[in-house]
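Good morning, everyone, and thank you for making time for this. Please have a look at the chain on the screen, and then I will go through it step by step.

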Amino acid sequence: MTLRYGLIGSGMMGQEHIRNLNLLDGCDVTAIADPDATMRALSVETADGNATGFDNYKDMLSAGLCDALVVVSPNDTHHAIMMDILDTNLPILCEKPLCTTADGCGDLVAKAQNRAAPVWVAMEYRYMPPVQRLLAEVASGSAGTPHMMSIREHRFPFLDKVGDWNRFNARTGGTLVEKCCHFWDLMRLVLKSDPVRVYASAAADVNHQDERYDGRTPDIIDNAFVTVDFANGARGMLDLCMFAEGSYWQEVISVTGAKARVDAKVPGPARFSVDGKERSSEIEISHRASKEIICEEVEVDETVLAAGDHHGSTFFQHQRFRDLVLSGEGKPEVTLEDGLWSVRVGEAAEESARTGRAVEL
């Protein structure tokens, strides 16, 4: 069976989804809805000309061309679109963040309570091969019970998007929601506990300060330190800098228990590297008792790496989503509740950054 996919939104991330679906057996992008005619035409071309373009998603749904939907529109449109399409019986993959506010996410969780078709929130970072290896090492007990988790992301600034919608908190939910929901999701997944307290120190110091949109200066945060306390006593920390294009590793994700520390080291996209070439990620395990350090490269197929900016994770995520839909059995690996929690933490971090006070969850 071939699954026919309909995309709602076809900007930069939409293009990545199409390229990865093109690589997967049993997947065919047949419909694309986007009000921007240029992006819509480009997406039809990216889908090898096999897709039909629509200027709104309701017309796309009425055409009956889709077996599954992927929501890749700007963050502030997710709530209204999802409230509509949850009324269908189509499987849905919704890009992160689920909504720009926790209240909006709560609406979707409530509406989907009795829905038969799966809804999967696109947390790509779970599916990066080095992160998958880290998850496996932690699950096997290599580190012992995880007590601390740190994530350092030093990367390039927010990219240009259609209509520059990603320059303002009102449309994105804020950097600590828009960008960092991945990280709160990973922390909760690895530490197996819910967050109870969030403290953030953050600012908009470097990026986009010389840009003006209708006389307004972008207000998105470009650097932050955030600590998160969890109900089981574990702690997480994020070190974010979005004006650090020269960093050798874009992400370093570290989990530490009494036995060892496990590090997943992820390079940035090849187009931002000095030589323009893809680099392998690494997994490193530092054993406490023996002082032994094991370091290995994590190989990823070059074709998969070239299909997007997320180190192959979009491909592997779609592979798992496809298998779930085709099997008709099981539950989404990333649920609406997971999407809600990731926004709750990001929203609390944004509030803490503004007020200088810790926020209780």
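Of the 361 residues of the protein chain, 55% count as buried, where buried means under 20% relative accessible area, exposed over 50% and partly exposed in between, with a 1.4 Å probe and protein chains only. I should say early that this is a predicted model, in which local features need pLDDT of at least 70, side-chain atom pairs count only at pLDDT 80 or more, and totals for chains, interfaces and linings use all residues. Residues are numbered from 1 along each chain as its sequence is written, and side-chain values use heavy atoms, with hydrogens and water left out.

The protein chain has 12 helices and 15 strands, which are DSSP runs numbered from the N terminus, helices being H or I with at least four residues and strands E with at least two. Its radius of gyration, taken over C-alpha atoms, is 20 Å, close to the 21 Å of the globule rule (2.2 Å times the number of residues to the power 0.38), so the chain is as compact as a globular protein of that length.

How are the strands of the open sheet ordered? Nine strands follow the order S14-S13-S12-S11-S7-S10-S9-S8-S15, with mixed pairing, and two strands pair if DSSP finds at least two bridges between them. Strands S14 (293-298) and S15 (359-360) stand at the edges with a single partner strand each, so one side of each is left without a neighbour in the sheet. Strand S13 (residues 281-287) runs antiparallel to S14 and is joined to it by six bridges, and Ile283 stands opposite Glu296 in S14.
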